[in-house]
Amino acid sequence: MNRLSDIGTIREILTRHGFTFSKALGQNFLINPSVCPRMAQESGAGSGVGVIEIGPGIGVLTNELCQLAGKVVAVELDKRLLPVLDETLAEYDNVKIVNDDVLRLDLNQLIAEEFPDMEVVVCANLPYYITSPVIMKLLEDRLPVKAITVMVQKEAAQRICAEVGSRMSGAVTVSVNYYAKPEMLFGVSAGSFMPAPKVDSAVIRLNVLPEPPVQTDEALFFEVVKAAFSQRRKVIANSLSAGLHRPKDEITGVLTKAGIPLNARAEALKLEDFAAIANCLEEEA
Ligand code: SAM
């Protein structure tokens with residue numbers, strides 16, 4: 001539908017359908033006409049490519065994706081939006097709406113059923129209340145997707161795209177970098193949404209890696225990362241001892257064996273350091 005990102009058009013559609021925004025579902029709809037075409041372009045959507053969208057809202061990004069992609073499957077939890085999407089996407093025959101909670105959906109099964117033999121990408125303006133769980137689910141489920149292009153709050157984007165081992169690095173930075181190479185694409189002001197949120201946003205792309213960059217016991221690796229950042233101001237020997245519930249002298253031995261200074265802080269460690277700690281812990285067991 002033409003001019004779907006025009007605020008007048010959006011207001012008219014929403015009023016006609018008696019739609020009221022749900023804060024609990026993170027409903028801030030895009031009203032800046034330049035954002036969706038750019039996001040769709042950057043996502044890798046193209047002929048022959050399948051796209052999974054999460055939370056299409058009234059379909060403003062979906063419209064752009066349908067124009068570029070071979071097929072789009074959009075997962076929307078709010079069933080009040082289904083009649084709206086029927087109307088706004090009426091002209092496309094390459095789109096399917098799935099009325100479900102993305103966190104409960106088997107996305108590997110969805111991809112196998114909906115996109116056989118197609119390259120697949122994810123593109124979404126994510127509901128902010130579940131940004132991290134959705135991103136981690138998309139990565140942990142090991143979906144056969146090439147890239148995940150998402151709009152998230154600016155601070156979350158900066159944290160995810162920080163260099164591992166730098167001051168801005170956190171558990172989410174390390175976890176995402178285990179599965180993908182994150183890239184900051186562009187910023188989006190709070191005024192680009194209706195209703196306007198309190199903070200700005202940014203679009204990032206996670207270029208999914210064929211293999212993790214380090215070899216390690218995955219469960220132990222993530223336990224170490226979580227423990228290390230649970231008290232990020234503490235030195236690593238203390239945060240690991242507390243977070244992993246292991247005696248300090250055992251942790252000191254592990255860190256020495258892994259070549260990590262006992263007074264380092266979690267934010268200074270690289271992916272290889274967390275893997276070395278996990279591998280030494282495994283040898284101890
Ligand atoms: N894509 C639209 C846009 O850019 O204008 C809407 C984005 S809005 C930030 C987030 C959307 O995600 C809403 O449509 C909301 O109803 C939907 N949503 C919220 N929680 C969801 C969930 N658990 N599973 C699927 N969709 C969800």
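## Naming the elements

Helices (H or I, at least four residues) and strands (E, at least two) are DSSP runs, numbered from the N terminus. The structure described here is a predicted model.

## Two unusual backbone positions

Most residues other than glycine have a negative phi, and most peptide bonds are trans. Two places in the chain depart from these patterns.

The first place to consider is R142, which lies in the loop between α6 (131-140) and β6 (147-153). R142 has a positive phi of about 50°, although it is not a glycine. The second place is the bond between M194 and P195, a cis peptide bond with an omega of about -15°. P195 itself belongs to the loop that links β8 (193-194) with β9 (201-208).

## Surroundings of the ligand

The ligand is surrounded by 24 residues. The closest of them are L30, G55, E76, N125 and Y129.

For three of these residues, individual atom pairs can be described. L30 takes part through its backbone: one of its polar backbone atoms is 2.8 Å from an oxygen atom of the ligand. E76 takes part through its side chain, where a polar atom lies 2.6 Å from an oxygen atom of the ligand. Y129 also offers a polar side-chain atom. That atom of Y129 lies 2.8 Å from a nitrogen atom of the ligand.

## Helices α2 and α3

Two packed helices are described by the angle between their axes and the distance between the axes. Helix α2 (residues 35-42) and helix α3 (residues 60-68) cross at roughly 45°, and their axes come within 9 Å. Angles from 35 to 65 degrees count as oblique, and α2 and α3 are therefore oblique to each other. The crossing of α2 past α3 is right-handed.

On the α2 side, the contact involves C36, P37, M39, A40 and Q41. These residues meet V60, L61, E64, L65 and L68 of α3. Sorted by class, the contact of α2 with α3 comprises eight nonpolar residues, one polar residue and one charged residue.

## Helices α8 and α9

Helix α8 (residues 171-179) packs with helix α9 (residues 218-230) at an angle of about 160°, and their axes are 9 Å apart. An angle over 145 degrees counts as roughly antiparallel, and α8 and α9 are therefore roughly antiparallel to each other. Their crossing is right-handed.

The contact brings together A171, V174, S175, Y178 and Y179 of α8 with E218, F221, F222, V225 and F229 of α9. Eight of the residues in this contact are nonpolar, one is polar and one is charged.

## Helices α11 and α12

Helix α11 (residues 248-258) and helix α12 (residues 271-284) pack with their axes 9 Å apart, at an angle of about 125°. This angle makes α11 oblique to α12. The crossing of α11 and α12 is right-handed.

From α11, the residues E250, V254, L255, K257 and A258 take part in the contact. Their partners in α12 are A276, I277, C280, L281, E283 and E284. By class, the contact of α11 with α12 has seven nonpolar residues, no polar ones and four charged ones.

Methods. Residues numbered from 1 in each chain as written. Predicted model: local features only at pLDDT ≥ 70, side-chain atom pairs only at ≥ 80, totals over all residues. Heavy atoms only, no water. Axes fitted to C-alpha atoms, helices over the stretch in contact; angles between N-to-C directions. Parallel < 35°, antiparallel > 145°, perpendicular 65-115°, else oblique. Left-handed = near helix turned anticlockwise from the far one by under 90°. Contact = heavy atoms within 4.5 Å. Nonpolar A, V, L, I, M, F, W, Y, C, P; charged D, E, K, R; others polar. Near = heavy atom within 4 Å. Polar contact = N/O pair within 3.5 Å; in protein donor to acceptor, adjacent residues only side chain to side chain.
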